[in-house]
Amino acid sequence: MNVDQYSAADEDPVPARASGSGPARAIAPRSHKRAIVVVIIVVVVLLLLGWGAVYVVPKYLNPPSTPGHATSPTDAVQAYLDALSHGDATTALSYSTAQPSDSTFANDQFLAAAISANPLTDIQVPAGQSTTSPAQIQATYTLADHQVQAHFTVQKYGRDWRLDWGFLPLDLSNLTAKSVPITINGVGVGVASMVYLFPGTYTFASLNPMLALNAPTFTIDYPEANPSLSEGFVLSDDAVARIQAAAKDHLDQCLTQKVLLPDGCGFGFSGTRVGTLDPNTIHWSLSDNTGDITTIQPTLDGSSLTVAVASITIQVRFYAVSTDKVTLYQDTASISAVRADFSNPDQIAVTFG
């Protein structure tokens, strides 16, 4: 009987209220557990609210910038220059109002190679500049080996600011019109009269082995600057060497001719009584202390891209004997000009004058 009463009390530990006494104040263990759960939930909620205050609210008020979206003129220039410095043409163009009609040179691969060869570093875009559209924003940076003082025109479109120009349209019609295939940093220009380039350092090259570009390397400091470009074509070093060799060969051939007026040689003998001269005795030779034809420095002839000319003084001597072996004919002549037609670089046609 005592065991049964103990078991019943164990199942319901809440003590019976004494007759006439006040309400029971003891807390049941089950209610105690619930209170602990509630406390844990409150703590978790407070932690979540704190995390939101630290991380969520600032990100909502100051969302991270995305390509093409700048909240101020200086931010637009800074983001644009940062993209250039990383060779990211796509992002750089997202901050430009104007867009290139041809992306041969305005792409990630080409820009990355150009920046790798001549880095853009030390970017400084001072704060506190104009926020009135259009804004003129100043920036400084190092491009290759020189410091650039740049300015950019930036305008507001809706909530975003963008540069008027993120690249430079470059007119190459004076070069491409001459039908000489050229490259910029190794990439072919083709027949295009206009190319579009980011700030950077670039080098022209000719695919014609006889021609090179005058002042082939140029730098675009910033999109609104005017670079100093090549003035045209000149003979390549290879062309000069070939013409010098061809001129020597032609002179040697001229000196072997047993005629009074060697063809294309620019000299000859016009003395009297030539009828009595034995042609088999005609002899041409270089005078002592004459010029060395292998040192000529040919240049392009006017607007022609296949003809070169050079000046030199070459003295030659002539002698022959009369048919009766009695009279000796002697004379001197000179060469003052060299002309070389290299329409076919493998068969350069040289004449003297």
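The legends below describe close-up views of a predicted model.

**View 1. The largest nonpolar core and the residues with the most partners in it.** This core holds 90 residues. L81, Y141, F152, I184, L197 and F198 touch the most other members. Helix α7, which spans residues 237–256, makes the greatest contribution, with 8 residues.

**View 2. Surroundings of L197, a residue of the largest nonpolar core.** Apart from neighbours within four places in sequence, L197 contacts four phenylalanines by name: F105, F110, F167 and F218. Its other contacts of this kind are L168, L170, I184, Y202 and I220. Among these partners, I184 is listed with L197 as one of the core residues that touch the most other members, and F110 belongs to helix α5.

**View 3. Helix α5 (residues 108–117), with its buried and exposed residues.** F110, L111, A114 and I115 are buried. Viewed down the axis of α5, the buried residues fall within an arc of 125°, so they line one face of the helix. An α-helix has 3.6 residues a turn, so residues three or four places apart point the same way. Q109, S116 and A117 are exposed and sit on the face of α5 turned away from the buried side. At the start of the helix, N107 places a side-chain oxygen within 3.2 Å of the backbone nitrogen of Q109.

**View 4. The open sheet of 4 strands.** The strands follow the order β1-β2-β3-β4 and pair in the antiparallel sense. β1 (120–124) and β4 (160–163) are the edge strands; each has a single partner strand, so one side of each lacks a neighbour in the sheet. From one strand to the next, the twist averages 40°.

**View 5. Pairing of β1 with β2.** Strand β2 covers residues 135–143. The antiparallel pairing between β1 and β2 runs over 3 bridges. In this pair, L120 is opposite L143 of β2. Strands of a sheet pair through backbone hydrogen bonds, either parallel or antiparallel.

**View 6. I293, a buried residue in a loop.** The loop that carries I293 connects β13 (283–286) and β14 (299–300). I293 counts as buried because its relative accessibility is 4%, and the cut-off for buried is under 20%. Leaving out neighbours within four places in sequence, I293 contacts A247, K248 and L251, as well as I312, I314, V338 and F352. D249 lies 44 residues from I293 along the chain, and the C-alpha atoms of the two are 9.9 Å apart.

Key. Residues numbered from 1 in each chain as written. Predicted model: local features only at pLDDT ≥ 70, side-chain atom pairs only at ≥ 80, totals over all residues. Heavy atoms only, no water. Core = buried A, V, L, I, M, F, W, Y, C linked by side-chain atoms within 4.5 Å. Buried < 20%, exposed > 50% of the residue type's maximum accessible area, 1.4 Å probe, protein only. Helix = DSSP H or I, 4+ residues; strand = E, 2+ residues; numbered from the N terminus. Contact = heavy atoms within 4.5 Å. Arc of directions from axis to C-beta. Polar contact = N/O pair within 3.5 Å; in protein donor to acceptor, adjacent residues only side chain to side chain. Pairing = 2+ DSSP bridges. Axes fitted to C-alpha atoms, helices over the stretch in contact; angles between N-to-C directions.
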